[in-house]
Amino acid sequence: MKMRLFVYTGTGNSLWIARRLAQELKETTLEFMPNVSKNFTVEADRVGIIFPVHIWGLPTHVIQFIDHLQLKPKTYLFALAVNAGQPAATLLQLQKIMSTRKLPLALGYSVVLPSNYIPWGGPGPIETQGRLFREAEEKVKAIANAVLSGERKKVERGPLWQNILFSLIYKISFRHVCKMDKKFWVDDKCNGCGICLKVCPVQNIEMINERPAWLHHCEQCLACLQWCPQEAIQVGEKTVKYLRYRHPEVTLKDMLEQANQR
Ligand SMILES: Cc1cc2nc3c(=O)[nH]c(=O)nc-3n(C[C@H](O)[C@H](O)[C@H](O)COP(=O)(O)O)c2cc1C
Ligand code: SF4
Ligand code: SF4
């Protein structure tokens with residue numbers, strides 16, 4: 001059986017869980033979710049997509065990918081929405097888009113990992129992070145069994161009030177996300193290394209006079225800010241004093257493979 005996983009990640013959480021899943025599933029290919037603007041055909045019996053929840057819904061990058069995804073009939077499709085405890089209606093949103101494309105979603109799981117959204121406080125204490133990693137590893141074993149046995153069931157979702165309220169906020173904020181990079185700025189620690197440009201999954205950064213400039217088609221994945229070795233990228237005023245977060249088992253080299261795949 002041919003299995004392919006496509007992952008989108010800002011700070012490595014989704015990449016880490018996708019790797020763990022690939023290990024459990026065995027003989028599975030794991031690829032970064034490409035930036036596609038035309039039909040993208042995937043030949044496989046089972047296809048999984050793994051991505052972070054952003055502002056209680058799907059990131060644009062994921063929407064674009066599934067809009068262009070071409071699968072052969074009867075391909076078994078499943079998804080993991082990686083989040084910090086509030087998946088809300090993200091997997092329902094995904095299921096809806098998939099069903100308009102006549103691509104039924106067999107399984108949709110929420111996987112809770114530390115928050116990478118440092119403007120709102122970030123990942124929490126190390127002990128809590130460790131517990132989340134352990135729980136996610138246990139969950140991924142159950143997910144792999146369900147995928148291997150071809151299960152189909154309702155996608156996971158948050159409480160009803162979150163699904164209603166947060167989906168509304170998602171709808172209102174969605175079209176503004178691309179311009180939220182206007183709040184990014186770079187301090188004097190920047191040495192012009194260009195790593196921020198390379199880790200950006202949607203090529204939203206160019207270097208001008210050896211400093212990053214943002215091009216306003218941002219996804220807010222925070223990869224640039226979190227992977228900058230000098231911690232020179234800031235959002236607003238608060239992040240100057242906040243610790244950065246990246247999944248502890250994901251390296252910069254892993255992230256740069258994405259740029260090499262382009
Ligand atoms: C812009 C932004 C918005 C986010 N919104 C949510 C959210 O609505 N619900 C949630 O539980 N986590 C939210 N998060 C946290 C991430 O989903 C979570 O940390 C995830 O594990 C990050 O995965 P990654 O490392 O693969 O990018 C958000 C993170 C970012 C950067
Ligand atoms: S990664 Fe950091 S130090 Fe390197 S160019 Fe970007 S902002 Fe400057
Ligand atoms: S500019 Fe930064 S936050 Fe925006 S998509 Fe690129 S890496 Fe992510």
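Biologist: Which residues make the nonpolar surface patch of about 350 Å²?

Modeller: A patch is built from residues with over 30% relative accessible area and no salt bridge, where like charges are joined within 9 Å and nonpolar side chains (Val, Leu, Ile, Met, Phe, Trp, Tyr) within 5 Å. A salt bridge, in turn, is a side-chain nitrogen of Lys or Arg within 4 Å of a carboxyl oxygen of Asp or Glu, and accessible areas come from the Shrake-Rupley method with a 1.4 Å probe, for residues with only the protein chains shown as cover. Here the patch is made by Ile 55, Trp 161, Leu 165 and Ile 169. This is a predicted model, in which local features need pLDDT of at least 70 and side-chain atom pairs count only at pLDDT 80 or more, while totals for chains, interfaces and linings use all residues. Residues are numbered from 1 along each chain as its sequence is written, chains are lettered from A and ligands numbered from 1 in the order in which they are written, and side-chain values use heavy atoms, with hydrogens and water left out.

Biologist: Where is Trp 161 placed, and is Trp 161 buried or exposed?

Modeller: Helices (H or I, at least four residues) and strands (E, at least two) are DSSP runs, numbered from the N terminus, and Trp 161 lies in helix H5 (residues 160-174). Buried means under 20% relative accessible area, exposed over 50%, and partly exposed in between (1.4 Å probe, protein chains only); Trp 161, with a relative accessible area of 52%, is exposed.

Biologist: How should I read the two sides of a helix, and which residues of helix H3 (residues 90-100) are buried?

Modeller: An α-helix has 3.6 residues a turn, so residues three or four places apart point the same way. In H3 the buried residues are Thr 90, Leu 91, Gln 93, Leu 94, Ile 97 and Met 98. Because they cover an arc of only 155° around the axis, they are on the same side of H3, the arc being that of the directions from the helix axis to the C-beta atoms. On the other side of H3, Lys 96 and Thr 100 are exposed.

Biologist: What is notable about phi of Lys 102, and where is Lys 102 found?

Modeller: Phi of Lys 102 is near 55°, a positive value in a residue other than glycine. Lys 102 is found in the loop between H3 and E7, and with a relative accessible area of 72% Lys 102 is exposed.
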